[in-house]
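Here is a walk through a protein structure, starting with the layout and then stopping at a few individual spots. Keep the 3D view open and follow along.

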Amino acid sequence: MSGDKNERGPGRISTRQSDVEARGETFFPGPSDAGLAAFPPKERWDDWADPDSKAWPRRKDRRCMLVPTTCFNCESACGLLAYIDKDTMEIQKFEGNPVHPGSRGRNCAKGPATLNQIRDPDRILHPLRRTGKRGEGQWERISWDEALDLAAARIRQAIQEKRQGEVMYHVGRPGEDGFTERLLAAWGVDGHNSHTNICSSSARAGYQFWMGIDRPSPDHANADVIFLVSAHLETGHYFNPHAQRIVEAKQRGAKVIVLDTRLSNTATHADYWLATQPGSEAAIHLAIANHLVTSGQWNTEFVRRWWNWEEYLVEERPDLEPTFENFERALKELYAEYTFEFAAAESGIDAATLREVADVVAGAGTRFASHNWRSAASGNEGGWQVSRTLFLLNALLGAVATPGGTYPNAWNKFVGKPIRLPRHPEHWNELSWPAEFPLAMNEMSFLLPHLMKERNGTIDTYFTRVYNPVWTNPDGFSWIEMLTDEKKVGLHIAMTPTWNETAYFADLILPMGHASERHDIHSYETSAGQWIGFRQPVLRAARERQGETVTDTRDVNPGEVWEENEFWLELSWRIDPDGSLGIREFVESEKNPGTRLGVDEYYAYIFDHSIPGLPEKAAEENLTPLQYMRRYGSFQVSADVGSPHEGEVPAAELDDVAEDRYGRVYTRAPKPPSNNVAPTGAPDPDADGRRPAGVRVDGNVLRGFPTPSGRLEFWSSTLARWGWRKEAVPMYLPSHVAIPAMAPDEKVLISTFRVPVQIHTRSANSKWLDEIAHTNPLWIHPKDAAADGLETGDPVRIETEIGHYVVKAWVTEGIRPGVVACSHHMGRWKLDDNGQRQLMATVSLDH
Ligand code: SF4
């Protein structure tokens, strides 16, 4: 670059767009119009001169290698680029990965703070075994071999003795698309649990009953109106990828409506912030729905084609001929009671504002993106109707799988088919999902201590992974009681990168890698397209770029920190060394039979065989698909999936078909193979065993939705058959904290929101994040504060039905009067007083 007039030092180059392009390199624009690159051109990711800030005032560069991975600090798995000093082979920093289709180079504060996590002085670096009693905090260091053999022997014995139900795995943040669940399935173990029934299952239920898929995927970028309920999502889980698209939509003139009792970060950017009484959101949705229907501002053609309105009429209105005209009448009658005045009384938002918002919604047409994440649904009795009634608005407007509308999330995901796909285990685990809860949306891990008690259950081997129920779950003491009983839980293995309250009660603690120390593959809904992201141990990839061969991630991670995929493969190998349990075949190399499958072969198979377009894209750069993913960390499978429900079912798939009276079409033809194994709805076959293939709409057999009827289920036959007939349509179930349910001197406490830059257990020692958010006060409105004689900083005692705590007040208009709020994401405890940690107050459990 000697001719470059902007060169400032050896290897330092101009980042001006014209100069970058003149060099034939990729220009990654920044947020300003200055025409300066925001990221190094990808052609220079092997050798980049990066200013060394610590050398100031000297101008010194580090020679860095840029290696992609993905963030593990929320669900959206944004792209990160690790800057690795080529002299020291140490990670210097993390920035965004501009080629990642979801995050497009941008991150929230938690992404770069991955550096704090990997450098956390308190992190666990070696396998540990308990020496004293459980919970006493006495540990000894052991080898990985000892840990693996101990766990493998117990699990092998449990499987041999048909006690698969006594092996269980609970995860807080999966961060991957099914690897562990498939491995457990290979063991025949139905024991994969998440924390879903605490945070998101209520909202999922509302979506599942509509479309057979339990999560929405709003196309914010192309929306005209964005409607967000309890905006936790855009300030927490999908913070960055969604937030940047909402901002783009706003720049185009889109309106943002936020229903949130608390002034969330998202609400601060809204055109309409409706600080609703918690749990009243469904009343507002229904008032808007009523307005759309009575004012004729609904998409009758979409409803006629795609709702199961005929089934509803036959089942619920036998007094009416099943014609669409009669359905219009029935719909008006059904929702007539939900006036703006009714919604105003329930929510505390005045009727005129609700009417104005309803007209904004009506103007969106098919460009209406909506989302409910999640507290309005999860924190309230009847909360599942919040998302059901919210999606009613999409369904009325026809804003389903349209540009700017809302998709079923599985349609915006691509989960590549792995080398071997085990069947779902035959054994059903009643401790995870008791039969008497058929409508629970996911396993009921949060009830485990109680189910163990009621059913006299035992667990032989219990894994917790990035899961801290002792601290996170409301009944943490029940978990302590269960975990300290060695007759109940034989072996508790805590897989965690950092210390946590649940790990105190483990027998083995296994050190697991952070975002830059492990492999995972994932695909999340962030737009109307599909992408895959590849998390990888960046030092392993860096050494491979330098020509080294690394076959075990422990060789590049700090201490003996491992990655889970290699761990699970090795554990499975040891559980079934001779193949007699039928497990070994799932973890055996195809290339080198008789040896264990390695992660390179595992991922190379997926990238070679299952990701459409990836091999061709890689070949353009003379790379294998695996090399391509190691170099760029992500791949766009599709920019726009279109409207899959409108696709015609090919004649070849229609063999010996049967059709029910509502047009559901069943076939005997086998399901065509698909490389995308993203979980989706699986409606039942017909009485003769034919599988549902499509639905007849205006004479054509279309793919439809994975619901029993093949249509969007305004009336859920599932709910009706399980005895929930009245609730089978979107309707309002008043919450236990509805205005009429509250005593005059009672306030609602909202604890279901997160501080956007904190991450439960894993950010306790993150200096950068603590600098942004280092206090967790009680939000209280000035009116309530005045009535109670409180000022900001005053201590407040919060009493609930299960106990009390004391916290400082923050007097703010950012909360609805009559409601107070305190996040559950901060405030830690520990059992002893050694090694005080920031944000982890030492308290006595005796008081
Ligand atoms: S939004 Fe933030 S925490 Fe979530 S993946 Fe992206 S950078 Fe990480």
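Start with two of the domains: the C-alpha centres of domain 1 and domain 4 sit 53 Å apart. Domain 1 covers residues 1-42, and domain 4 covers 645-728. The rest of the division goes like this: domain 2 is made of two stretches, 128-190 and 424-511, while domain 3 runs over 203-412 and domain 5 over 742-821. Keep in mind that what you're looking at is a predicted model.

Now zoom out to the whole thing. The C-alpha atoms fill a box of roughly 80 × 70 × 70 Å along the principal axes. For 847 residues, a compact globule would have a radius of gyration near 29 Å, and this protein's 27 Å agrees with that. Inside the box you can find 28 helices and 29 strands. Of the 847 residues, 60% are buried. The surface that is left comes to about 33000 Å², with carbon and sulfur atoms supplying 50% of it. The chain also makes plenty of links across its sequence: take the contacts between residues at least 6 apart, and 67% of them join residues at least 24 apart.

Next, find the ligand. Which residues surround the ligand? Cys71, Asn73, Cys74, Ser76, Ala77 and Cys78 are among them, and so are Asn107, Cys108, Lys110 and Gly111. Phe239 and Asn240 belong to the surrounding group too. Sorted by class, this shell has six nonpolar, five polar and one charged residues.

From there, move on to helix 25, which spans residues 625-632 and is mostly covered, with seven of its eight residues buried. The buried ones are Pro625, Leu626, Tyr628, Met629, Arg630, Arg631 and Tyr632. What lies over them? The cover includes strand 2 (61-70), strand 19 (530-535) and strand 20 (634-638), along with helix 21 (538-545), helix 23 (599-609) and helix 24 (614-620). Just past the end of helix 25, Gly633 takes a positive phi of about 75 degrees. On the other side, in the loop between helix 24 and helix 25, you'll find Asn622. Asn622 also has a positive phi, near 55 degrees, even though it is a residue other than glycine. Is Asn622 buried or exposed? Its relative accessible area is 72%, so Asn622 is exposed.

One of the buried residues of helix 25, Tyr632, leads you to another loop. Tyr632 is in contact with Val99, which also touches Phe28, Lys42, Trp45 and Ser634. Val99 belongs to the loop between strand 4 (91-96) and helix 2 (114-118). With a relative accessible area of 25%, Val99 is partly exposed. Arg104 sits in that loop between strand 4 and helix 2 as well, and its phi is positive at about 50 degrees although Arg104 is not a glycine. Arg104 is partly exposed too, with a relative accessible area of 28%.

While you're in this part of the chain, look for the cis peptide bond joining Trp56 and Pro57, where omega is about 10 degrees. Pro57 is in the loop between strand 1 (48-51) and strand 2.

Helix 12 and helix 26 make a good pair to view together. In helix 12 (residues 309-316), the buried residues are Trp309, Glu311, Tyr312 and Leu313. Their cover includes helix 26, plus helix 11 (300-306) and helix 13 (324-335). Ser717 is part of helix 26, which spans residues 717-721. Since its relative accessibility is 1%, Ser717 counts as buried. Beyond its sequence neighbours within four places, Ser717 is in contact with Glu311 and Pro708.

Two more stops to finish. Pro449 is in helix 18 (residues 448-454) and is buried, with a relative accessible area of 6%. Leaving out residues up to four places away in sequence, Pro449 touches Ser478, Trp479 and Met482. The last stop is Thr595, in the loop between helix 22 (564-575) and helix 23. At 35% relative accessibility, Thr595 counts as partly exposed. Apart from neighbours within four places in sequence, Thr595 is in contact with Trp573, Val587, Glu588 and Ser589.

Methods. Residues numbered from 1 in each chain as written. Predicted model: local features only at pLDDT ≥ 70, side-chain atom pairs only at ≥ 80, totals over all residues. Heavy atoms only, no water. Domains from an automatic or database assignment. Near = heavy atom within 4 Å. Nonpolar A, V, L, I, M, F, W, Y, C, P; charged D, E, K, R; others polar. Helix = DSSP H or I, 4+ residues; strand = E, 2+ residues; numbered from the N terminus. Rg over C-alpha atoms; globule rule 2.2 N^0.38 Å. Buried < 20%, exposed > 50% of the residue type's maximum accessible area, 1.4 Å probe, protein only. Contact = heavy atoms within 4.5 Å. Areas by Shrake-Rupley, 256 points an atom, 1.4 Å probe, with all protein chains shown as cover.
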